[in-house]
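Take a look at the chain below. Follow the strands and helices with your eye before you read on.

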Amino acid sequence: MSSTQRFWRRRGDEAHPVLMYHHINPHQGDIVTVTPAVFEAQMKYLHDSEYRTLSIDEFVLYLSGSLTVREKAVVVTFDDGWLDNYIYALPVIKKYRIRVAILL
């Protein structure tokens, strides 16, 4: 995946990815921008591969040990809440029913 990717784990558990996006925009040329086509392909992959997208509340519960995650799981985040997230990402998020966190 082209987004910044980090992994989180609780002791003894498998690692699960956290995908962090900045810009979703057709303008290419920097390392913090993912094109709408690439973003849609990534979200389609998560959907078709039956990943569970965790909300931030679920993520916190998981890290505290109050939630067990047995299936493939991922956290999808956007930093800053840019307008292009709304224009290009939101329709895809709705289409594939992806839970995301926008960190302002």
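This report goes from the whole chain to one strand, then to a helix and a loop residue.

## The whole chain

This is a predicted model. The chain has three helices and seven strands. Read from the N terminus, the order of elements is β-β-β-β-α-β-α-β-α-β.

Of the 104 residues, 38% count as buried. About 6600 Å² of the chain is exposed, and carbon and sulfur atoms supply 53% of that area. Now take the contacts in the chain with a separation of 6 or more: residues 24 or more positions apart account for 52% of them.

## Strand β6: covered on both sides

How many residues of strand β6 are buried? The strand covers residues 73–79, and seven of its seven residues are buried. In a regular strand, side chains alternate between the two faces of the sheet. Here both faces are covered. A73, V75, T77 and D79 are buried on one side. V74, V76 and F78 are buried on the other.

## The partners of β6

Which strands pair with β6? One is β2, residues 16–21, which pairs with β6 in the parallel sense over four bridges. In this pair, V18 stands opposite V75. Another is β5, residues 52–53, again parallel, with two bridges to β6. Here T53 stands opposite V74. Strand β7, residues 101–103, also runs parallel to β6, and three bridges join them. F78 of β6 stands opposite I102 of β7.

Helices link β6 to two of these partners. Strand β5, helix α2 (residues 56–64) and β6 form a right-handed β-α-β unit. Strand β6, helix α3 (residues 83–96) and β7 form a right-handed β-α-β unit too.

## Helix α2: a buried face

Which residues of α2 are buried? They are E58, F59 and Y62. Seen down the helix axis, the buried residues of α2 fall within an arc of 100°, so they line one face of the helix. A general rule helps here. An α-helix has 3.6 residues a turn, so residues three or four places apart point the same way. On the other side of α2, D57 and S64 are exposed. After the helix comes G65, with a positive phi near 90°.

E58 deserves its own look. Why does E58 count as buried? Its relative accessibility is 16%, and buried means under 20%. The side chain of E58 makes a polar contact of 3.1 Å with the side chain of R52. Beyond its neighbours within four places in sequence, E58 is in contact with R52, T53, L67 and R99. T53 has appeared already, as the residue opposite V74 in β6.

## H22: a loop residue that reaches β6

Where does H22 lie? H22 sits in the loop between β2 and β3, and β3 covers residues 23–24. Is H22 buried or exposed? At 18% relative accessibility, H22 counts as buried.

The side chain of H22 makes a polar contact of 2.8 Å with the side chain of D79. D79 is one of the buried residues of β6. Leaving out residues up to four places away in sequence, H22 touches V32, D79, D80, W82, D84 and N85.

## Putting it together

Strand β6 ties these parts together in this report. The strand is buried on both faces. β6 pairs in parallel with β2, with β5 and with β7. Its residue D79 makes a polar contact with H22.

Note on methods:
Residues are numbered from 1 along each chain as its sequence is written. This is a predicted model: local features need pLDDT of at least 70, side-chain atom pairs count only at pLDDT 80 or more; totals for chains, interfaces and linings use all residues. Side-chain values use heavy atoms; hydrogens and water are left out. Buried means under 20% relative accessible area, exposed over 50%, partly exposed in between (1.4 Å probe, protein chains only). Two strands pair if DSSP finds at least two bridges between them. A crossover is right-handed if, with the strands pointing away from the viewer, the path from the first strand over the helix to the second runs clockwise. Contact means heavy atoms within 4.5 Å. Accessible areas come from the Shrake-Rupley method with a 1.4 Å probe; for residues, only the protein chains shown count as cover. A polar contact is a pair of N or O atoms within 3.5 Å; within protein, one must be able to donate a hydrogen and the other to accept it, and residues adjacent in sequence count only if both atoms are side-chain atoms. The arc is that of the directions from the helix axis to the C-beta atoms.
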